[in-house]
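Got a model with two bound ligands to go through? Let's take it in questions and answers.

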Amino acid sequence: MLREVMDLPSLLDSRVCIVSGKGGVGKTTVSAALALGCAAAGRRVLLVDVEGKGGLSALFGASPLGYETTTLAPGVDGRVVTPDEALLEFLADHNLTWLSKRLQSMNLIDVVASAAPGIKDILVLGKVKQIERSGAYDLIIVDAPAAGHTLTFLGSAQGLLEAVRVGPVLTQAREVNELLTDPARCKVVLVTLPEETPVNETSETADALVDMGIQIAAVVVNGWYPGGPSVTVEDVTRDAASAGIVVPEVEAESLVEAANFRAMRHELQLHQLGRLEDLLALPFIVLPFLFTAALGREELDVLAAECASQAATLEGAA
Amino acid sequence: MSSGHTAADGAASDLASAYDTGEALTALVRRSNTLVFCGSGGVGKTTTAAVATMHAARMGLSAVVVTIDPARRLAQALGVTELGDLPRLIDPHLWDPDGERAPGGSLAAVMLDAKSTFDNLVQKYSAGPEQAERIIDNRFYSNISSALSGTQEYMAMEKLYELHEEGEYDLVVVDTPPSRNALEFLDAPNRLTRFLEGRAFRVLTAPARGGMRVINRAARLFLRTVSRVLGSEVLEDVVEFFAAFEGMYEGFHERASRVRELLSSEQTAFVLVASPRRDAIEEAEYFAEELAAMSLPVAAAVVNRLHPRFHTSLAEATRLRAEGLARDSDDTGDGATAVARLSDLYANLASFQEVAFREEAQLERLRKLIGDAPLARVPFLGDDVHDFATLRLLEDNLFPQEPT
Ligand SMILES: Nc1ncnc2c1ncn2[C@@H]1O[C@H](COP(=O)(O)OP(=O)(O)OP(=O)(O)O)[C@@H](O)[C@H]1O
Ligand SMILES: Nc1ncnc2c1ncn2[C@@H]1O[C@H](COP(=O)(O)OP(=O)(O)OP(=O)(O)O)[C@@H](O)[C@H]1O
Ligand SMILES: [Mg+2]
Ligand SMILES: [Mg+2]
């Protein structure tokens, strides 16, 4: 059998890619890096921020995103899709603008959202589906919400299908479910850290997604520490002597402590990555912990290049 | 990191201030009857809340922690693998293996079950079992009691209030769900009661009489449209729920204001947990400002998952040294591999010093914001925290004590 070489766009070969994971693991950073990596390979990419928090655009040094599309980098556009605006648009599309005004003025949005839980997620994903249908982008990367669980967000369609029996919301839920369960149109990237609890939760989430018929393109393990040998003060003293340089004793001790800390962290992370690889037969991308100050465009480029070069070492699905 | 000090000086003064912090935090635990751990997602609220409760128990208090959604292995350690209503006592052998605790200390934990806490409230405030049953069986109710944003926050506060009222504990520690702002849980009781009041909805569904007719024609159109969008069963559930809930708002409302009173009492302390990253600290700042605006100052802060600090020279100097050595190691010759090894060690030390330096700067921002309140520094432990041995290790960091 021919070994097909992968590249990033063929790893993320669906039109929509939902980047998901627990709070703070690096979803936004990874979304941006994947977008840059795919744009570098010639894809037109849209980054979708579903929270409107501003973290995504800040990474590109741009001002906060709005509901309008803006360009973040060559080949990468960005925009916000929030439930409230998606609701207004949804109702407007159904000639029900008056209803949305009414709902807002009477503070009934929450009542509606509770009557049909998941409706907010459906509206967001419905909007994403509409952009996908428009064909304006080769790839739409969705930076999934931090609050709530991956499964709540992605399970909203199937939940609503059971709760709502008729009407445009049902149609919307059905279409979103079609999108989510069609691997040609949509896949998920799970972001996690090489730590025990995140590893356990990622494995559980992956299993549940499979049960829901949602395909996973890759798992990104973020915040990877470099490896290095454990050393002793004697090792350092010996090296210093043979190099003919002076290393003061306190400094030697610090060098040793830092080296051993690095080795210890790396060891633990290796163990957790090993567990994850045993648990999940999926492509993995491992991104380094960057010691630099706040992340910006330069660091994104490093991570994007890392994604691309690791994708190239993955074996293509025959 | 100041260049004038030697490593030993820096370490000694750090230790002294750590003991001061430990003392201040211990005093806070002693004088409070309620501690609320808050902060953004994944920073360590659940873990540090458990540590503080254990510390209180070891100090001789009868302490209980209300945890929310703990990682499974931590839940196992606390003996709360199932959601529950009643706190469970934890065997002292687990958290005090050497029998060092002060007399009277006991440790209990309960994992918040928002739905059943809500059910209990409904039972308490309903006119009778039939009304309660009608509500609890309603599908809309089951959505709000499990999925409405803010319900979990409110029920955490409600549980806190319940445990406080029972008066069985010296200290009730409550964990909170991940939230970006303090209002998410402080305002949750009010938001939920406003929601339950559903004033607008009641007007809409009230039977037509006299002057109401005009409103009602509009109302009918409104309801018909909503049911066209969502389906009529869904709407029936809603209408039925509000009908069944009739007469219970006052009780809920009053309860919410008592919960609020407890939160603003002198014996309630808010502990803000953060990680030492710019975005996390910005969220913490926002949190602290909001609390202050409501006259609920941050009583203590915990900066969790700090990188270790390796005392020596400045990071810049270490980095220069690494780069110099890297250039030297390009020369082939005796000792070149030794130079390369040393260069790598210097580069590694420089990276950790840079990270520690930046974390320190973030921490200072938080320190300014909380004034005199103690700020505890908790290192990243490398391994997950899910047994009492590691909780004890964190306790030593959260409440450092001078060896006697
Ligand atoms: N590889 C990395 N190296 C160093 N820092 C990183 C790395 N990835 C992410 N970070 C930092 O970690 C923090 C969290 O990252 P990010 O905002 O991408 O996570 P998130 O999952 O989107 O968070 P949230 O759930 O809050 O939306 C940020 O401060 C970011 O700069
Ligand atoms: N100092 C530490 N060293 C190592 N691991 C830690 C430390 N503090 C917390 N952890 C680990 O980090 C993870 C998150 O901690 P925890 O659950 O307490 O955070 P949280 O703020 O309650 O999160 P959430 O917002 O999701 O409820 C857990 O797996 C915990 O074991
Ligand atoms: Mg994010
Ligand atoms: Mg928690």
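What follows is a chat about the two ligand sites, a sheet and a helix pair.

Reader: Before I get going, what kind of model is this?
Author: Keep in mind that local features are only described where pLDDT is at least 70, and side-chain atom pairs need 80 or more. That's the filter used here for a model that is predicted.

Reader: Where does ligand 1 lie relative to the chains, and which residues come nearest?
Author: Ligand 1 sits between chains A and B. There are 18 residues around ligand 1. The ones that come nearest are Gly24(A), Lys27(A), Thr28(A), Thr29(A) and Leu290(A).

Reader: Which residue has a backbone N or O atom 2.8 Å from a nitrogen atom of ligand 1?
Author: Let's go through the polar atoms. Lys27(A) puts a backbone N or O atom 2.8 Å from an oxygen atom of the ligand, and the side chain of Thr28(A) has an N or O atom 2.7 Å from a ligand oxygen. Those two deal with oxygen, whereas the backbone partner of a ligand 1 nitrogen, at 2.8 Å, is Pro288(A).

Reader: How much of ligand 1 does the protein bury?
Author: Start from the ligand taken alone, which exposes 630 Å². Of that area, the protein buries 86%.

Reader: Which element gives the most to the shell around ligand 1?
Author: By class, that shell divides into six nonpolar, six polar and six charged residues. Three residues of the shell come from one element of chain A, spanning residues 27-40. That top contributor is helix H2.

Reader: Why is the site of ligand 2 shared between chains?
Author: Look at the polar partners: the side chain of Thr197(A) has an N or O atom 3.1 Å from a ligand oxygen, while Arg305(B) brings a polar side-chain atom to 2.9 Å from an oxygen of ligand 2. A polar backbone atom of Leu381(B) is 2.8 Å from a nitrogen of the ligand. The site counts as shared because the residues surrounding ligand 2 come from chains A and B.

Reader: And how much of ligand 2 gets buried by the protein?
Author: Alone, ligand 2 exposes 630 Å². The protein buries a share of that equal to 91%.

Reader: Which element gives the largest share of the shell around ligand 2?
Author: The shell has eight nonpolar, seven polar and five charged residues. Elements of chain B giving two or more residues are helix H2 (45-58), strand E7 (298-306) and strand E8 (375-379). With three residues, the largest share comes from H2(B).

Reader: Over to the sheet in chain A: which strands are the edge strands?
Author: The sheet is open, has eight strands with mixed pairing, and runs in the order E3-E4-E2-E5-E1-E6-E7-E8 (chain A). An edge strand pairs on one side only, and in chain A that applies to strand E3 (70-73) and strand E8 (284-288).

Reader: What is the bridge partner of Val45(A) in E4(A)?
Author: Strand E2 (residues 45-49) and strand E4 (residues 76-80) of chain A run parallel and are joined by five bridges. Within E4(A), the partner of Val45(A) is Val76(A).

Reader: Last one: how many charged residues are in the contact of H4(A) with H5(A)?
Author: These helices of chain A, H4 (residues 83-93) and H5 (residues 97-105), pack at about 145 degrees with axes 7 Å apart. Leu88(A), Leu91(A) and Ala92(A) in H4(A) meet residues of H5(A) including Leu99(A) and Leu103(A). By class the contact has five nonpolar and three polar residues, and the charged count is no residues.

How values were computed. Residues are numbered from 1 along each chain as its sequence is written. Chains are lettered from A and ligands numbered from 1 in the order in which they are written. Side-chain values use heavy atoms; hydrogens and water are left out. A residue is near a molecule or strand if one of its heavy atoms lies within 4 Å of it. A polar contact is a pair of N or O atoms within 3.5 Å; within protein, one must be able to donate a hydrogen and the other to accept it, and residues adjacent in sequence count only if both atoms are side-chain atoms. Accessible areas come from the Shrake-Rupley method with a 1.4 Å probe; for residues, only the protein chains shown count as cover. Helices (H or I, at least four residues) and strands (E, at least two) are DSSP runs, numbered from the N terminus. Ala, Val, Leu, Ile, Met, Phe, Trp, Tyr, Cys and Pro count as nonpolar, Asp, Glu, Lys and Arg as charged, and the others, Gly among them, as polar. Two strands pair if DSSP finds at least two bridges between them. Axes are lines fitted to C-alpha atoms, for helices over the stretch in contact, and angles run from 0 to 180 degrees between N-to-C directions. Contact means heavy atoms within 4.5 Å.
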